[in-house]
Amino acid sequence: MGRHHKQEALPMTQDTPNRVDQSRDGDVFILTINNPPVNAFGPGVPEGLKAGLDAAAADDSVKAVVIIGGGRTFVAGADIKGFGLPREQAPDLRGTVAKLDAFEKPTVAAIHGTALGGGLELALGCTYRVAVKDAQLGLPEVKLGVLPGAGGTQRLPRVVGAQKALEMMLSGNPIKAPAAKELGLVDEIVDGDLLAGAVAFARAHADARPLPRVSERSVEGGSPEVFAAAREGLKKTHRGQHSPSHIVDLAEMAATKPFQEGWDAEADRFVDSLNSPQSRGLRHIFFAEREAGKIRGLSKDTPTTDIKSAGIIGAGTMGGGIAMNFLNVGIPVTIVETSQEALDRGLGVIRKNYENTAKKGRMTQDDVEKRMGLLTPTLKMEDLAGADIIIEAVFENMDVKKDIFTRLDKIAKPGAILASNTSTLDVNEIASVTGRPEQVIGLHFFSPANVMKLLEIVRADKTSDSVLATSLALAKRIKKVGVVVGVCDGFVGNRMVHRYGDEARKIVEEGARPEDVDAAMNALGLPMGPFQMSDMAGLDIGYSIRQHQAKVRGEPEPDGWLDRIVKTGRKGQKTQGGIYDYGEDRKPKPNADVQKLIEDYRAEQGTQSREISQEEITKRLAYSLVNEGAKILEEGIAQRASDIDVIYIYGYGFPAYRGGPMQYASEQGLKNVAADLEKYGQTPAPVLKQLADEGKTFSDYDREHAGA
Ligand code: 3H9
């Protein structure tokens, strides 16, 4: 037939690795893809598949072909590491799928593990798909800022209908094989040996003619309203992002145009999205998240302990949220408070959180009881004696924490990890009151601790490798992204956010309105600007941090415009008003008294108010984060710039499609960033200045320091 088969099979060269094995089971030809660890569609895979298909086509005794993944999974997608390659050098996934589509004998994809992205597109190019029960299928490209680029946007709607295809492609979330079977995406679930089942299926369908090619089907449910609703939905779920609208356009083409037209358009849109800063940012984060788990000095052989039970001190908002993480994965928790009342209140909040989840249908009442059943409340710290890890989550006061750790040292069993959830205090000082500082670590959860994915793992001077490795493994187990940081005031995230807050207040002092400042950050893609965030956290919290810092530095009591707002009793959302007013709808509205207070403050300081552009606000705020990040890097508080990006995305809502603040700065060009910092009166950190002078990026820095 030769339809859309523009590229011929590439000859295998000495440089092309052999990634596909050919074998036979009677009249069924078997192609096994071997590209560990996840069978990504890298060099050698298309060549091997095409050569295999040619061999199967040339042999009259072959009636059907099975394609299966060797090792732990089917193909998990295109090779993201090779995404930077020029088009002609990139592994020819589209050509392979086209060759499959044009193939004259039935082909069966045999799926286990994950068929993601290009992997599912490969399977959709086959005539049939069979899968084991726990296999997962999805098109996660949107999470990398791209779109399915090997026919997925055209074939998935033809199989599962417009609505479901949009849902899968826009969320990027995979579905399980049984759900895929319901939708017709999988033709048969194989119990037992996948290959044997796939071969039997292939044999049973060997004579099916005409071949039921996916590309020849039409799309069900592709009414204009479905696409209009999808476009409307994007404003909420993917504000500011480009690839999701390409996906909707292409799915609409699948429903309204001939296959070839949509297939061609998809290729162009894929290349456009691939070359966008948004995709570079999201891919950067994909790898950054995985890099963050690799700690210098630790290896796979570093011993870890299995955490079978946890103790938590403090049943307040933080302690309760932390406890939920453990309960959710089946780890029993003993939670300690100082009064029965506080304990009852804490437990009540945890139960209510679970019941709300159950009400939304995301958990059964049985699950709620199971989780609550794993929780033991107590007023006696001695009850923590058996815990493998104990996390202190009381308020931020060094004396109180020292007292707790002194007591814990006597109570905890040998080998137990003693962790503090402090967000600013010196973990070395906390560790020093124990006779086992090597067992002490900081585990800084972010509020709400049962929701936020970030966990800053604070390595103190004497923390042992084993405690660190165990904490990293634990983070993964409780479904957090763990990032290791060093000890300093505020660690990575809060240290940067303090600097950012200082700059935001300064910008208002100079003439901008708080709402202008927040609007600039919203435009950059942050769901909340600095003042919306302060109002949510409580203005008194920031005020007490500034008081503490002033005391430490021997400076006078803080008395800026924001401190004065706090002193009027406006503490943020919790008092219905802070920098903004909050009505029933909880939307921030400017307040006239606050405006007047700011104007009076400027007058008192003799500040000539000036118009400040959105561009200036954006640069000053974003680059204040970047500059502090560069200092953090230089001091070794963070191991890599990409760790800082992960922290900022998962802890502070920096848009993932900008790759985090450090990647964002690299995209702007560090030379420009350094020049702008100087223009706005800040001194670029030496690392930043040096990279700028050498024409480098933070990724270059990370690469050059990878072995350090
Ligand atoms: C696509 O397909 C585009 C097409 O539509 C169009 C093309 C024309 N490539 O996560 P893990 C590495 S877009 C290269 O720790 P897990 C990963 O970096 C792609 N490398 O394991 C890590 O390396 P290292 C659509 C990849 O078991 C190692 O494999 N596909 C890729 O927790 C293990 O990964 C996706 O977006 C890849 N595609 O999870 C799927 N995938 O050990 C992305 C993984 O050196 N991948 N690696 O750090 C995933 O979601 C998860 O990795 C997966 C396994 C669920 C597969």
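This briefing walks through a sheet, a ligand shell, one buried residue and two annotated regions. The model is predicted, so please read every value here as computed from that model. A good place to start is the open sheet of eight strands, which has mixed pairing. After that come the 26 residues around the ligand and a look at Val75, which counts as buried.

**The open sheet**

- Reading across the sheet, the strand order is β12-β11-β10-β13-β14-β15-β16-β17.
- At the edges stand β12 (375–378) and β17 (481–485); each has a single partner strand, so one side of each is left without a neighbour in the sheet.
- Neighbouring strands of this sheet are turned against each other by 25° on average, with direction ignored.
- As a reminder, strands of a sheet pair through backbone hydrogen bonds, and the pairing is either parallel or antiparallel.
- One pair to look for is β13 (residues 389–392) with β14 (residues 417–420), which runs in the parallel sense over four bridges.
- Within that pair, Ile389 has Ile417 of β14 as its bridge partner.

**Around the ligand**

- Which residues come nearest to the ligand? Of the 26 residues around it, they are Gly77, Ala78, Gly117, Gly118 and Gly149.
- Three elements give two or more residues to this shell: α2 (93–102), β5 (114–116) and α3 (118–125).
- Sorted by class, the shell holds 14 nonpolar residues, six polar ones and six charged ones.

**A closer look at Val75**

- You can find Val75 in the loop between β3 (64–69) and α2.
- Is Val75 buried or exposed? Val75 has 31 C-beta neighbours inside 10 Å, and a residue with 20 or more is called buried, so Val75 counts as buried.
- Leaving aside neighbours within four places in sequence, Val75 is in contact with Ile33, Asn39, Ala40, Phe41, Gly69, Ala115, Gly118, Gly119 and Leu122.
- Gly118 is one of the residues that come nearest to the ligand, and Gly118 is also among the contacts of Val75.
- Val75 and Phe287 are 212 residues apart along the chain, and their C-alpha atoms are separated by 18 Å.

**Regions named in UniProt**

- An unreviewed UniProt entry places the feature "domain: 3-hydroxyacyl-CoA dehydrogenase NAD binding" at residues 310–486.
- Over residues 310–486 the chain is 42% helix and 20% strand, with its end C-alpha atoms 24 Å apart.
- The UniProt annotation "domain: 3-hydroxyacyl-CoA dehydrogenase C-terminal", also from an unreviewed entry, covers residues 490–582.
- Residues 490–582 are 63% helix and 3% strand, and the end C-alpha atoms of this span lie 29 Å apart.

Definitions and conventions
Residues numbered from 1 in each chain as written. Predicted model: local features only at pLDDT ≥ 70, side-chain atom pairs only at ≥ 80, totals over all residues. Pairing = 2+ DSSP bridges. Axes fitted to C-alpha atoms, helices over the stretch in contact; angles between N-to-C directions. Near = placed C-beta within 6 Å. Nonpolar A, V, L, I, M, F, W, Y, C, P; charged D, E, K, R; others polar. Buried ≥ 20, exposed ≤ 12 C-beta atoms within 10 Å, placed from the backbone. Contact = placed C-beta atoms within 7 Å. UniProt positions renumbered as here; feature names shortened; annotations may be inferred.
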